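Reader: Hello! I am new to this structure and would like a close look at a single part of it.

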Amino acid sequence: MIGDRWSRTFSLGLIGIASFSSLLPIVLAVMNALKTTVEIGSNPLALPTQLHWENFSSAWRNAQLGPSLLHSAEVAILTILMVCVTATPCAYVLARQKGKFWRFITFYFMATITVPVQLYLYPLYFIFAKLGLVNSIPAVALIYTAMFSPFSIFLLRTYALAIPVALEEAAQVDGAKPWQTFRYVILPMMRPGLLTVAIIVGLNAWNEFVIAVTFLQNDSNVTAIVRFYNLTGQYSTDWGEMLAAAVTIVLPIVAIFVLLQRQFIDGMTSGAVKS
């Protein structure tokens, strides 16, 4: 009895520490977004003496967050769609095929995860400039698709491995063609993995900076994270305005994650058990 009570107390303590550690940066950002630069510099941990809501309106106007947030959403949605459409059948094939050739392909996808984006940034920009694809949101989404697909393939592969082959054989006996088997049997059972992949890929595409600042150079199509970086002045920075812009950019992602956190956790734990 005492041991169970101590274990429960210890677990609750760890949960409390983890929650505090994860929420502290957000709380500090919101708190300092309502201060002036002088107040932030004097004591960033103190409560604001007066709420400066004008920081948010100033950040929205100076960083043009309205259009840039729409561009970020467009990039994230296109990336999610392309990753899910391409990674799902690839993961299914890798889960079903055996042999050295397929093991080599699996190793290749694993190796691409470790390659830093800076390694192929210049040749990629040279090729895209020759093709006239610079300053194109779909082109940036295509690059993100290539970056995030290997991880998505490995995650979805765990769900495909857990699907019994007998279900596919039963569908074939009933006269279903291979694409019908994939569409009506395999794909619905991989839905938790697809949702998990969509959340992870969307978060990464929303927050990515290096590719966005390199390939989106026109003011008419830059993303919110690039606009946030442009708020930094050469000699001085309005930290209250900058933190207000950061809170505005992060808020939609936090809201979406809170709404889908149960599905995300179920998808991750389900994939871990099935693999």
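Which residues form one aromatic cluster with Phe128? Please walk me through that part and what surrounds it.

Author: Happy to! This is a predicted model, in which local features need pLDDT of at least 70 and side-chain atom pairs count only at pLDDT 80 or more, while totals for chains, interfaces and linings use all residues. Residues are numbered from 1 along each chain as its sequence is written, and side-chain values use heavy atoms, leaving out hydrogens and water.

Tyr125, Phe128 and Phe215 form one aromatic cluster. Rings of Phe, Tyr and Trp (its six-membered ring) pair if their centres lie within 6.5 Å; planes under 30 degrees apart are stacked, over 60 edge-to-face, and the rest tilted. The structure holds six such pairs. In one of them, the centres of the Phe128 and Phe215 rings are 5.5 Å apart and the planes meet at 70°, so this pair is edge-to-face. The pair links distant parts of the chain, since Phe128 belongs to helix α6 (residues 121–130) and Phe215 to helix α11 (residues 210–215), 87 residues apart. Helices here are DSSP runs (H or I, at least four residues), numbered from the N terminus.

Are these two rings buried or exposed? Buried means under 20% relative accessible area, exposed over 50%, and partly exposed in between, using a 1.4 Å probe and protein chains only. Phe128 has 8% relative accessibility and therefore counts as buried; Phe215, at 1%, is buried too.

Phe215 also leads us to the largest nonpolar core. Such a core is a set of buried Ala, Val, Leu, Ile, Met, Phe, Trp, Tyr and Cys residues joined through side-chain atoms within 4.5 Å. This one has 45 residues, and those with the most contacts inside it are Tyr144, Ile211 and Phe215. Two or more residues each come from α4 (65–96), α6, α7 (137–162), α9 (178–189), α10 (191–207), α11 and α12 (224–230). Helix α7 gives the largest share, 12 residues.

Take Tyr144 as a stop along the way. Leaving aside residues up to four places away in sequence, Tyr144 touches Val75, Thr79, Ala205, Glu208, Ile211 and Ala212, where contact means heavy atoms within 4.5 Å. Apart from the largest core lies another, of 13 residues, among them Ala33, Ala244, Val247 and Ile253.

One last ring is worth a look: the charged end of Arg183 sits over the ring of Tyr184, 4.9 Å from its centre. That description requires NZ of Lys or CZ of Arg within 6 Å of the ring centre and within 35 degrees of the ring normal.
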